[in-house]
Amino acid sequence: MLSSDNSEQITIGSNRIDYTVNATSDIKFSIDDTKKFNKKIKNAFEIIFDRFNKKASRIALNTESLIINLSKEEIEDFTSKYTNPLTIYQKDLEEWNTHLMVKVEKEIEQQEILNVITNIAKVVYEQHNANDKVLADGFVVSLDINTIAENSSQRFSSENIENFTEIACKLWNEIITEME
């Protein structure tokens, strides 16, 4: 299910339900944003879980944001911070991506192990200025925070969603803040 402005999506798989947020301007989640997301997500999941009397074994929050309007120096600094390329790649990389993953333990209703996955990629995107299309360099930062597949018990209900989303948004903000 995709929102009318394409900024949010719910994907229901056989063993996982993902809520995806594509930030349109600011890449951090304010406390107010988190409360709004929590309410939307909880309402959506109440329909899924309560109406059909179901629970999920895995839940996830995915985000994707653009970091744009950087100077050439800022792009080089950002690139050098997140890559350590071979000599041939040390200047003016056209493309690159980095995939990072760690497991963290958090209290949702019980202790849960979460996968925290961050993908950072240098991209060229189209920027629309008045009547012109301009190509510009930027970065896509994608985050996937999800409960581990190894625990397949059907344990998540609509009541767990707010806590999970709050934890996921805090992790997202920690990652983005450190990247600044």
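Buried here means under 20% relative accessible area. Thr165, at 2%, is therefore buried. The model in these close-ups is a predicted one.

**Close-up 1. Thr165 and what it touches.** We start in helix α3, where Thr165 is found. With a relative accessible area of 2%, this threonine is buried. Leaving aside residues up to four places away in sequence, Thr165 touches Phe37, Asn38 and Ile41.

**Close-up 2. Glu166 pairs with Lys170 along helix α3.** Right after Thr165 comes a salt bridge between Glu166 and Lys170, with the closest N and O atoms 3.7 Å apart. Both partners sit in helix α3, four residues apart, or about one turn of the helix. Glu166 is partly exposed, at 36% relative accessible area. The structure holds three salt bridges, and the other views cover the pairs Glu8 with Lys40 and Glu112 with Arg155.

**Close-up 3. Glu8 reaches Lys40.** Here Glu8 and Lys40 make a salt bridge, and their closest N and O atoms are 2.6 Å apart. This pair ties together distant parts of the chain: Glu8 belongs to strand β1 (residues 8–12) and Lys40 to helix α1 (residues 31–51), 32 residues apart. The glutamate end is tucked away, since Glu8 has a relative accessible area of 9% and counts as buried. Lys40, on the other hand, is partly exposed at 43%.

**Close-up 4. Glu112 meets Arg155.** The salt bridge in this view joins Glu112 to Arg155, with 2.8 Å between the closest N and O atoms. Again the pair links distant parts of the chain, 43 residues apart: Glu112 is in strand β5 (residues 111–129), while Arg155 lies in the loop between β6 (132–147) and α3 (158–179). Glu112 is buried, with just 3% relative accessible area. Arg155 counts as buried too, at 14%.

**Close-up 5. A patch of negative charge on the surface.** Five acidic residues gather here: Asp50, Glu105, Glu107, Glu109 and Glu159. One of them, Glu107, is found in strand β4 (residues 96–107). Why can Glu107 meet the accessibility cut-off for a patch? Its relative accessible area is 42%, so this partly exposed residue clears the required 30%.

Notes:
Residues numbered from 1 in each chain as written. Predicted model: local features only at pLDDT ≥ 70, side-chain atom pairs only at ≥ 80, totals over all residues. Heavy atoms only, no water. Patch = residues over 30% accessible without salt bridge, like charges linked within 9 Å, V, L, I, M, F, W, Y side chains within 5 Å. Areas by Shrake-Rupley, 256 points an atom, 1.4 Å probe, with all protein chains shown as cover. Salt bridge = Lys/Arg side-chain N within 4 Å of Asp/Glu carboxyl O. Lys, Arg positive; Asp, Glu negative; His and termini not counted. Charge placed at Lys NZ, Arg CZ, Asp CG, Glu CD. Helix = DSSP H or I, 4+ residues; strand = E, 2+ residues; numbered from the N terminus. Buried < 20%, exposed > 50% of the residue type's maximum accessible area, 1.4 Å probe, protein only. Contact = heavy atoms within 4.5 Å.
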